[in-house]
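Here is a short report for a first look at this protein. Start with the sequence and the model below.

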Amino acid sequence: MSNRFKLCIALALALTACTGGAAPNTASSDNPPPGKGKGFNHDPFPSTYRPYPGVPTAIVHATVYDGEGGRIDDGTVLLADGKVAAVGGPELAVPPGTSIIDGKGKWVTPGIIDVHSHLGDYPSPQVKALSDGNEMTNPVTSQVWAEHSVWPQDPGFSRALVNGGVTTLQILPGSANLFGGRSVVLKNVYARTTQGMKFPGAPYGLKMACGENPKRVYGDKNREPSTRMGNVALDRQTWMKAVEYKRKWDKYEEKGGEVPARDAQMDTLMGVLNGEILVHNHCYRADEMAIVLDMAREFGYHVTAFHHAVEAYKIADLLKANDVCAAVWADWYGFKMESYDGIPENLALLQKAGACVMIHSDDQNGIQRLNQEVAKGIAAGRRAGVVISDEAAWRWLAINPAKALGIADRTGSLKPGKMGDVVLWNGDPFSVYTRPEKVWIDGAMLYDADNPRLRPVSDFELGQPGEGDVK
């Protein structure tokens with residue numbers, strides 16, 4: 001008997017003694033339960049985002065809107081270690097070695113957050129080869145993820161940053177389908193990969209749609225759904241499958257046993273039912289939004305926000321009672337029947353009712369002037385007798401969309417400890433003549449109107465006419 005064989009026997013006897021003589025588990029043994037939510041990898045494409053380096057900075061003597069309704073005249077904003085370090089008046093002490101920027105006659109705000117964008121999925125130039133935002137092959141495509149279509153070289157990202165002061169944005173699949181797929185939240189920085197842009201720890205969203213789009217797209221193909229009742233029927237049928245799928249996984253994760261078969265569509269919907277994935281529902285009409293709220297109660301999920309929501313003002317009380325946000329345009333209406341009752345007072349009326357409301361773009365050009373879109377909403381409200389202060393209205397651009405994206409604890413306002421996502425405007429940000437002068441993301445200055453070297457340029461644009469062009 002060889003010494004090696006003797007050693008193997010000795011090790012085997014020792015292992016048996018350590019286990020009380022019981023045979024070790026084998027592949028055929030019952031697997032112990034893996035624990036709640038750990039049956040499979042819920043984050044197979046993790047963020048690799050790393051902030052750009054910044055320097056301690058103080059913006060002084062500026063008018064400050066903190067993003068949560070607060071205003072400071074002759075204010076100071078301190079940035080350090082990628083965060084908002086302090087916000088206060090002229091008495092706020094500036095630490096030695098801090099870079100000081102004079103903001104007299106200028107405004108400082110949190111970076112704008114666009115909760116509804118298709119940049120990267122419908123990039124510029126708009127050609128068929130790059131049109132990747134709508135998987136129009138089935139009314140249920142919850143298995144697709146918008147991030148797998150995002151083209152990081154889209155020049156639209158830099159235009160949104162330097163012309164619009166947009167520092168964070170949610171990229172959604174299109175609205176042809178009842179279940180369009182997963183959204184992704186991005187920091188507005190160029191990176192080699194989409195994962196290098198992903199907002200760390202931001203929840204995924206599920207894009208859903210009701211109304212004209214799904215019934216038109218699939219009705220034209222002579223298949224279900226072709227009516228609004230068909231939309232709801234197929235929605236409910238799909239949620240029934242998701243509830244059963246979740247039941248199987250809950251049982252496995254509690255008791256172990258045979259691993260259930262994976263289904264990519266149902267993985268996403270189970271994530272919604274578990275509260276991990278937020279529902280962003282394209283919906284125009286008040287009656288349809290009310291139906292969706294009933295359906296959400298039936299199957300035990302929560303609608304985070306209705307997008308477009310041109311008739312949200314009709315059900316502001318329902319939205320408030322159900323803690324559902326409305327992401328709206330300032331004045332888009334009438335371009336199809338379900339948008340017929342859109343009114344420019346929508347933002348102000350929802351704010352007056354105490355509902356969570358925000359502006360959104362859904363457009364590669366509109367994203368560059370969301371501050372001006374909010375100005376329209378303020379003016380429309382005031383004409384109707386609903387007076388919203390400028391500083392209160394900045395909630396529509398910052399903390400409210402941050403709330404709808406599940407990231408309000410990290411960004412969306414100028415509060416100590418939050419990300420240093422900041423815009424210095426060269427005048428009143430609600431004026432059509434005002435532009436971003438400087439933009440910081442995580443405390444790093446990524447745009448400076450006075451420094452041609454600090455104007456982000458997409459790889460796609462290099463060497464082309466109009467490279468890095470700003471308005």
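Among contacts in the protein chain between residues at least 6 apart in sequence, what percentage join residues at least 24 apart? The figure is 69%. Keep in mind that this is a predicted model.

**The whole chain**

The protein chain holds 11 helices and 16 strands. Its radius of gyration is 25 Å, and a compact globule of 471 residues would have one near 23 Å, so the two agree. Along the principal axes, the C-alpha atoms fill a box of roughly 90 × 60 × 45 Å. The table gathers some values for the chain.

| Property of the protein chain | Value |
|---|---|
| Share of the 471 residues that are buried | 52% |
| Exposed area | about 20,600 Å² |
| Share of exposed area from carbon and sulfur atoms | 53% |
| Distance between mean positions of the 49 positive and 54 negative charges | 4 Å |

**Helix α5**

Now turn to one helix. Helix α5 spans residues 264-273 and is mostly covered. Of its 10 residues, eight are buried. They are Met266, Asp267, Thr268, Leu269, Met270, Gly271, Val272 and Leu273.

What do these buried residues of α5 pack against? Three strands take part: β8 (179-187), β9 (205-209) and β10 (278-283). Two helices do as well: α4 (228-255) and α6 (286-299).

Both ends of the helix have details to look at. At the start of α5, aspartate 263 places a side-chain oxygen within 2.9 Å of the backbone nitrogen of glutamine 265. Just after α5 comes glycine 275, with a positive phi of about 80°.

Notes
Residues numbered from 1 in each chain as written. Predicted model: local features only at pLDDT ≥ 70, side-chain atom pairs only at ≥ 80, totals over all residues. Heavy atoms only, no water. Helix = DSSP H or I, 4+ residues; strand = E, 2+ residues; numbered from the N terminus. Rg over C-alpha atoms; globule rule 2.2 N^0.38 Å. Buried < 20%, exposed > 50% of the residue type's maximum accessible area, 1.4 Å probe, protein only. Contact = heavy atoms within 4.5 Å. Areas by Shrake-Rupley, 256 points an atom, 1.4 Å probe, with all protein chains shown as cover. Lys, Arg positive; Asp, Glu negative; His and termini not counted. Charge placed at Lys NZ, Arg CZ, Asp CG, Glu CD. Polar contact = N/O pair within 3.5 Å; in protein donor to acceptor, adjacent residues only side chain to side chain.
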